[in-house]
Amino acid sequence: ELLRDFISHSATNKTLYDSYTVSQRIINWTSFLSRHSITDEELLGFLYRQACYLASNPEYHLRNNHLLENGFALMWAALFFQDAKLRKKAERILVDELKSQILRDGAHFELSPMYHCIVLRHTLETIELLNSQENKGDGVLQCKLKEHASNMCGWIMNIAFDNGDLPQLNDSGDESHSWFALFQYADSLGIKCKPNALGPCGYRKFRNRHFEMLVDVNGLTPSVAPGHSHADTFHFVLHVFGSPFIIDTGVSTYSPSPERAYERSTQAHNTVMIENKDQSEVYGSFRVGRKASVYNLKESRNFISAAHNGYKIIGAVHHRSFDFGDREIVIHDRIDPGADLKATAFFHVHKNCFLSLKQGKLFSKFVQISFEGADQVQLCDTWMAPAFGVRHPAKKIRVDFKGELITRISLP
């Protein structure tokens, strides 16, 4: 009755022909109708028309997780209706887009752990559906999907923190509760996790018995679908003794608003802003203009350095290095030329970590932070957003400097 009521009011439904919403509708309806063996002609006719509309209107203009969602939905519809044309369209989208959107190290190219988990979940669900419908798991498409799923599981393992947290990078909610279930799901399908060295995703992980740090040395990517990206080049997330300390602000809303603009901005991340400008131009809810690019990347086991050109519009270059030691992390920022340019470094602190500011240094229970070259150090009010619609009061460190700043995060 609920589905029939939806159909009766569909003429005034603005999402009726939104391809992403249609994709979600197809996946949910086919799953429900199959589970309950429903063969109502009105429901089936409406659902088939939706599938035919989607086959003619996949979201090639976005070329991100939306297009993959279209492909998965068309595959579900093709198997549900036993329609060869829908299947051919679905296979073409899935094979082509998974090849281009899943990077060599297993990351989904939007670099959002949340969307990565969504794509992985739909990949696993589609593998299971193909296996159950075709009574075999060795078809060409199944093999390709399994390979991607294995690599994607490996990427999650590489970026996850030891306490189980997934970092909230770019547009991402807290997926810590779901990735364990995804691994169990993959294992039930005979898919093993395949960790690959972090590379093209631009993230690097450093770990010892005291610190665990994830560093972003990527520019704003992907160039073809940057709507979920943030102006966060050289951002990092840090855990100390297994607990979050320096964090990502997170995302609380997609609605056009000052909050949305802030959460995508440079000042909402643990990096440097110059002359109060974002490194990359982010505007609206999902728009991007000028994009920062990273170059001169150098790295070794416990060290990484690079520069980005996000401030070339004002004639400046930001250089940053991370030197990861056993009891101390040294972050070196240099603005070139920077003698007359105002720069600000930000460090966002988890709400459960209490800091005191004394003579330009910050102290917590286990960590102290000092700054060489700082003009002013402030502890400011901000928020952290662990999930959509949720904001908790938190603190961020604001450090004003010119030219050069050396930050030391150390154990007492």
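Helix 2 (residues 19-35) and helix 4 (residues 65-81) pack at an angle of about 30 degrees, with 8 Å between their axes. Axes here are lines fitted to C-alpha atoms over the stretch in contact, and angles run from 0 to 180 degrees between N-to-C directions. This is a predicted model, where local features need pLDDT of at least 70, side-chain atom pairs count only at pLDDT 80 or more, and totals for chains, interfaces and linings use all residues. Residues are numbered from 1 along each chain as its sequence is written, and side-chain values use heavy atoms, with hydrogens and water left out.

**Helix 2 with helix 4**
- The crossing is left-handed (the near helix is turned anticlockwise from the far one by less than a right angle).
- Contacts (heavy atoms within 4.5 Å) join helix 2 residues including Tyr 20, Ile 27 and Ser 34 to helix 4 residues including His 66, Phe 72 and Trp 76.
- The residues of this contact divide into 9 nonpolar, 9 polar and 1 charged; Ala, Val, Leu, Ile, Met, Phe, Trp, Tyr, Cys and Pro count as nonpolar, Asp, Glu, Lys and Arg as charged, and the others, Gly among them, as polar.

**Helix 2 with helix 3**
- Helix 2 also packs with helix 3 (residues 41-56), at about 145 degrees and with axes 10 Å apart.
- Helix 2 passes helix 3 in a left-handed crossing.
- Among the residues that meet are Val 22, Arg 25 and Trp 29 in helix 2, and Leu 43, Phe 46 and Gln 50 in helix 3.
- By class, the contact of helix 2 with helix 3 has 11 nonpolar, 4 polar and 1 charged residues.

**A look at Arg 25**
- Arg 25 sits in helix 2 and is buried (under 20% relative accessible area, 1.4 Å probe, protein chains only).
- Arg 25 has no salt bridge (a side-chain nitrogen of Lys or Arg within 4 Å of a carboxyl oxygen of Asp or Glu); the nearest side chain of opposite charge, Asp 18, is 7.6 Å away.
- Beyond four places in sequence, Arg 25 touches Phe 6, Thr 15, Leu 16, Phe 46 and Gln 50.

**Helix 7, helix 8 and Trp 155**
- Helix 7 (residues 140-159) and helix 8 (residues 179-188) pack at about 145 degrees, their axes 11 Å apart.
- Cys 153, Ile 156 and Met 157 in helix 7 meet Trp 179, Phe 183 and Ala 186 in helix 8, and this contact has 6 nonpolar, no polar and no charged residues.
- Trp 155, found in helix 7, is buried, with a relative accessible area of 1%.
- Leaving aside neighbours within four places in sequence, Trp 155 has contacts that include Asp 105, Pro 113, His 116 and Tyr 203.

Methods
Buried < 20%, exposed > 50% of the residue type's maximum accessible area, 1.4 Å probe, protein only. Lys, Arg positive; Asp, Glu negative; His and termini not counted.
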